[in-house]
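Welcome! Here are some short exercises on salt bridges and packed helices, each with a worked solution. Please take a look at the structure before you begin.

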Amino acid sequence: MPKQVIVTGATGNLGKDVVKKLTALGYGLHINVREGKTNAYADNASVSNYLADLSDAAQTELFVAEAITNAGKIEAGILLAGGFAMAKLTDTTDADIEQMLTMNFKTAFHVVKPLMKHFEANGGGQFIFIGARPALVPEAGTGSFAYTLAKTLIFQMADLINAEGKAKNITATVIVPSIIDTPDNRAAMPNSDFSKWISAPDMAEGVAFVLSDTGKKLRQTVLKLYNEA
């Protein structure tokens, strides 16, 4: 049976390339979808869809439970869901912080919690997160305070997973792009040199490597896919 993994954010720009790469490698994918996107990947027999809003803990727990039931065993959680917003600290509201925390941290945490229990009961597993360079380089995050703050928690969560999972064969990897070359980012920064950014297919290659037999041996890993940006 193919290796079974959960992928969140699979209908986004990066998610589409990750789905394409992993299905080509023979993985079975279990993805969450929102209302209006229930037919996503209907023509891809390797993808199973589950209606779930990841900002809701109960819906997410049901999604993970159904995926485990259908797969028998989930070997990895690839957590791509998130969102971005600009605003300096002095322009940031409580609502901005709550929105970014929900989109970038809670959507991951709500999957991690039940999947961690599954990994502990089944000999281990992998978490793959998407980080953000501003969370590592504060000077780069001053214009996106709430977003950067939320992404910082992803690194902390990965560290805590690695600490708790060290003796349980459970690992967490954070893949950090500079700027991903997507239509949205090109529209937002039209005067940039796109050749210096990291492409979504290259990000997908990074995910595939972490899932590989060699990648599974990595520990406490932060992969910086910056290209020349």
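**Exercise 1.** Find how the side chains of Arg186 and Asp181 meet, and say whether Arg186 is buried or exposed, or in between.

*Solution.* Step one: the side chains of Arg186 and Asp181 form a salt bridge, at 2.6 Å from N to O. The term stands for a side-chain nitrogen of Lys or Arg within 4 Å of a carboxyl oxygen of Asp or Glu. Step two: Arg186 has 36% relative accessibility, so Arg186 counts as partly exposed. On this scale, buried is under 20% relative accessible area, exposed is over 50%, and partly exposed lies in between (1.4 Å probe, protein chains only). By the salt-bridge rule, the count comes to 6.

A word on the model: it is predicted, so local features need pLDDT of at least 70 and side-chain atom pairs count only at pLDDT 80 or more, while totals for chains, interfaces and linings use all residues. Residues are numbered from 1 along each chain as its sequence is written, and side-chain values use heavy atoms, leaving out hydrogens and water.

**Exercise 2.** Work out which parts of the chain are linked by the salt bridge of Lys21 and Glu205.

*Solution.* Start with the pair: Lys21 and Glu205 meet through their side chains in a salt bridge of 3.0 Å, N to O. Next, place the partners: Lys21 is in helix α1 (residues 13-24) and Glu205 in helix α6 (residues 200-211), distant parts of the chain 184 residues apart. Helices here are DSSP runs (H or I, at least four residues) and strands are too (E, at least two), numbered from the N terminus. Finally, check accessibility: Lys21 is partly exposed at 24%, and Glu205 is partly exposed at 39%.

**Exercise 3.** Describe how helices α3 and α4 pack.

*Solution.* First, α3 (residues 94-121) and α4 (residues 145-165) pack at about 15 degrees, with axes 8 Å apart. Therefore α3 is roughly parallel to α4, a label for angles under 35 degrees (over 145 is roughly antiparallel, 65 to 115 roughly perpendicular, the rest oblique). Axes are lines fitted to C-alpha atoms, for helices over the stretch in contact, and angles run from 0 to 180 degrees between N-to-C directions. Then look at the contact (heavy atoms within 4.5 Å): among the residues that meet are Phe105 and Phe109 in α3, and Leu153 and Ile154 in α4.
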